[in-house]
Amino acid sequence: MKQDTVTEIRQEPGTVILAGAGCGGRELLTLQVLDLIRRADVIVYDDLISQDILDIDTDAEWIYAGKRKGLHSMTQEEINELLISLAQTHALVLRLKGGDPFVFGRGREEMRAVREAGICCQSAPGITSAIAVPERFDIPVTDRIHASSFTVITASRKSQGKPFGADAGWVAHQPGTLVILMGLSRLPEIVEELIRAGKDPRTPTAVISSAEISHSEMVRGELSEITGKAAALQPPIILIGDVVKEARLPQDMAEKEKPQRFTVWTTFTDDLTARVRRRLPDTIRLIPVLEAAHERVESAKPRDLETDWIVLTSRRGAGFFLEDLKKQKLDLRKLPKIAVVGKATAEVLEEAGLYPDLVPETAETPELVRELKRAAEPGSRILLLRAREADHEMETALETDFRVMRKDLYDIRYSSRDLKRLPGPDLMAFASRSAVRAWKEPVPCPVLCISDITASQVHQDHPEASVLLADEISAAGLAETIIGLSQAESAVPEPGSAR
C-alpha cells in the first residue's frame with residue numbers, strides 16, 4: 001500500500017476502468033494500461049498479475065481480489081461492491097485483470113454492476129494468452145493452409161461433471177483451431193470427451209504449461225497420446241488442430257532467440273527493490289519472495305526531543321519519525337543531534353530539509369556505534385528509534401558509555417509468497433537480518449547479502465548456503481554485484497564455499 005486511502009466522499013463519483021494486464025509481464029502490457037497504472041488512485045488486481053507489473057512505480061493503493069483454484073479472496077458480488085465503493089472516494093479506479101478483461105473474465109458483469117450504480121465505467125484491452133502464448137512457439141491460431149478460423153473455449157465449467165457438458169459434440173466438430181483455456185488438471189477428461197464426441201484421435205495437439213509467456217513450456221503430439229506426454233505439466237492452454245504441426249519445440253529454439261534472464265529472489269522492502277531495479281538491465285529480474293507489512297507501534301513524542309542524540313537505523317524508521325514530527329507539530333528547532341546508520345537513511349531526512357549530524361561511511365550498526373562513541377560526550381542521553389524486531393546488540397554496546405533509551409516505532413510482519421508459481425532463482429538476496437530470520441524455506445541457490453551482519457545471520461540459519469557480499473552496503477552496491485554475477489555466472493561459488 002503506497003498511500004493512505006481517501007476516506008471522504010467526493011461530490012461526483014470517479015471513473016472505473018477495466019483493464020487487461022496481458023500475459024507476459026511488462027513486455028506485453030499495452031502503453032495505455034501502463035499509463036493507467038501510473039495515473040490510478042487505487043488498483044484492484046487479480047491473481048495472475050506478474051510481479052514486475054506489481055512493481056511499477058505508482059502512487060496507487062493496490063488491493064488484491066484474486067481467485068485461485070476456487071479459493072476466492074472475495075466473491076464476485078464483493079468485488080462489484082468494492083469497485084462501486086472505491087469510485088465514491090477515488091477519481092480513477094483501475095480494475096486490473098489478467099489477459100483481456102472480456103476473455104473468460106467477468107469484466108462484463110463488473111461493468112454492468114458499476115454502470116447500474118450510476119458510475120462511469122470504461123475498458124482498456126489486454127493481450128490474451130489464447131493468441132499470444134501459442135505465438136511463442138510459432139503456432140498461429142489461423143493459417144491460410146491449415147485453419148481459416150479458431151474457436152476459444154474454457155474447460156472450467158462443471159456441467160454434469162464434464163469439461164464441456166452438453167456441448168462436447170459441438171466443440172469436437174468445430175472447424176479450424178481449437179484453443180482450450182483453463183484446462184488445469186482436466187486434460188485426460190478433455191481428451192476422452194473430445195474423442196468420444198468424434199474428434200479424430202490423430203489430430204495434432206499441443207499443451208502449453210503457463211498462461212504467461214515467460215514461464216511457458218510446451219509438449220506436442222497426437223490428441224490420443226498427448227495426456228501421457230503432458231503428464232508433468234499443468235496445461236492452462238491446449239491447442240488442437242493442424243496449425244500445431246509446424247510448432248517450434250522449446251529444445252529447437254535457438255539460444256540467441258531466447259533472452260537470457262538472470263532471476264534474483266529478493267527479500268527487500270518495496271523501496272529498496274525499486275531503487276535496485278532502476279539500476280539493472282532488463283535481462284535481470286527481481287522477484288520479491290517475502291512481503292513485509294509495517295505496523296506502527298509507538299510514536300515520537302515531544303519529551304523524546306529532550307535528549308542529546310536521536311539515532312535512526314533504517315529508512316522506514318526515518319520516514320515514521322518525520323511523520324511524527326509533522327503530526328504532533330514538534331518544533332524542529334528543539335531537535336537534538338541526529339545520527340543515522342547510512343547515506344540511504346540520511347536521504348530520507350534530507351528530502352525533508354533535515355541534515356543528520358553523523359552519517360558513517362559504512363552503513364552498519366557496529367560502525368555507527370564506533371562513530372557515536374567518538375562524537376558524543378560520555379554520559380550523553382541517546383534515544384534509539386528502531387523496529388520492534390531489531391536485536392539489542394546496539395544498545396548493549398552503547399550502554400557502556402551513554403544513557404540509552406529505546407523506542408520501537410514500528411513492527412515488521414513478513415509473509416512468504418507462493419514459491420511454486422515462481423521461476424527458479426539464480427541468486428537470493430537479503431538486505432536485513434530480520435528478513436533472513438523470516439525466511440523459513442531452504443535456500444535454493446547462492447545468497448547475496450548486503451552486509452557482514454546479514455551474512456552472519458544467513459550462516460547461522462542456513463549453514464549450507466554459499467554466501468556472497470555486496471560490493472557496497474547500498475542499493476547501488478547490490479545492483480552492481482548482481483550485474484557482475486549475471487554477466488559471469490561462473491563467479492557464483494559452488495555450495496560450501498563463501499566469500
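In the predicted model, Tyr410 touches residues from several separate stretches of the chain, namely His294, Glu295, Arg296, Val297, Ser314, Arg316, Gly317, Phe320, Arg386, Ala387 and Arg388, when residues up to four places away in sequence are not counted. Tyr410 itself belongs to strand E19, which spans residues 403-416. With a relative accessibility of 4%, Tyr410 counts as buried, because that class covers values under 20%. One of the residues in contact with Tyr410 is Arg296. The two lie 114 residues apart in sequence, yet their C-alpha atoms are separated by 4.3 Å in space.

Arg296 also takes part in a salt bridge, in which its partner is Asp324 and the closest N and O atoms are 2.8 Å apart. This pair links distant parts of the chain: Arg296 is located in strand E15 (residues 290-296), whereas Asp324 is located in helix H10 (residues 315-327), and 28 residues separate the two in sequence. The partners are placed in separate accessibility classes. Arg296, at 30% relative accessibility, counts as partly exposed; Asp324, with a relative accessible area of 2%, is buried. The value for Asp324 falls in the buried class because the limit for that class is under 20%.

Pairs of this kind recur in the model, which holds 25 salt bridges. Side chains of opposite charge can pair when their charged atoms come close. A further example is formed by Lys343 and Glu361, whose closest N and O atoms are 3.9 Å apart. Here, too, distant parts of the chain are linked, with Lys343 in helix H11 (residues 343-351) and Glu361 in the loop between H11 and helix H12 (365-375), 18 residues apart. Glu361 counts as exposed, at 66% relative accessibility.

A salt bridge also connects the side chains of Arg433 and Glu393, with an N to O distance of 3.6 Å. In this case the pair joins two helices that belong to distant parts of the chain: Arg433 is in helix H14 (residues 433-438) and Glu393 is in helix H13 (residues 393-398), 40 residues apart. At 18% relative accessibility, Arg433 counts as buried, because its value is under 20%. Charged side chains may also be joined in a network. Asp46, Arg95, Lys97 and Glu110 are linked in this way by salt bridges.

Other charged residues gather on the surface. Glu77, Glu78, Glu81 and Glu109 form a patch of negative charge there. Helix H3 (residues 76-87) provides the largest share of this patch, with three residues. Glu81 is found in helix H3, and its relative accessibility of 55% makes it exposed, because exposed residues are those over 50%.

The surface also carries a nonpolar patch, formed by Val103, Phe104 and Met182, which together have about 220 Å² of accessible area. Phe104 lies in the loop between strand E6 (92-97) and helix H4 (107-116). Its relative accessible area is 37%, so Phe104 is partly exposed. The backbone of Phe104 is also of note: its phi is positive, at about 55°, although the residue is not a glycine.

A positive phi is likewise found at Asp138, where the angle is about 60° and the residue is again not a glycine. Asp138 is situated in the loop between helix H5 (129-136) and strand E8 (150-154). With 42% relative accessible area, Asp138 is partly exposed.

The protein as a whole provides the setting for these local features. Its secondary structure comprises 16 helices and 22 strands. Of the 499 residues in the protein, 50% are buried. The protein exposes about 24500 Å², and carbon and sulfur atoms supply 48% of that area. Among contacts between residues at least 6 apart in sequence, 65% join residues at least 24 apart. The contact between Tyr410 and Arg296, two residues that are 114 apart in sequence, is one illustration of such a link between distant positions.

Methods. Residues numbered from 1 in each chain as written. Predicted model: local features only at pLDDT ≥ 70, side-chain atom pairs only at ≥ 80, totals over all residues. Heavy atoms only, no water. Patch = residues over 30% accessible without salt bridge, like charges linked within 9 Å, V, L, I, M, F, W, Y side chains within 5 Å. Areas by Shrake-Rupley, 256 points an atom, 1.4 Å probe, with all protein chains shown as cover. Salt bridge = Lys/Arg side-chain N within 4 Å of Asp/Glu carboxyl O. Lys, Arg positive; Asp, Glu negative; His and termini not counted. Charge placed at Lys NZ, Arg CZ, Asp CG, Glu CD. Helix = DSSP H or I, 4+ residues; strand = E, 2+ residues; numbered from the N terminus. Buried < 20%, exposed > 50% of the residue type's maximum accessible area, 1.4 Å probe, protein only. Contact = heavy atoms within 4.5 Å.
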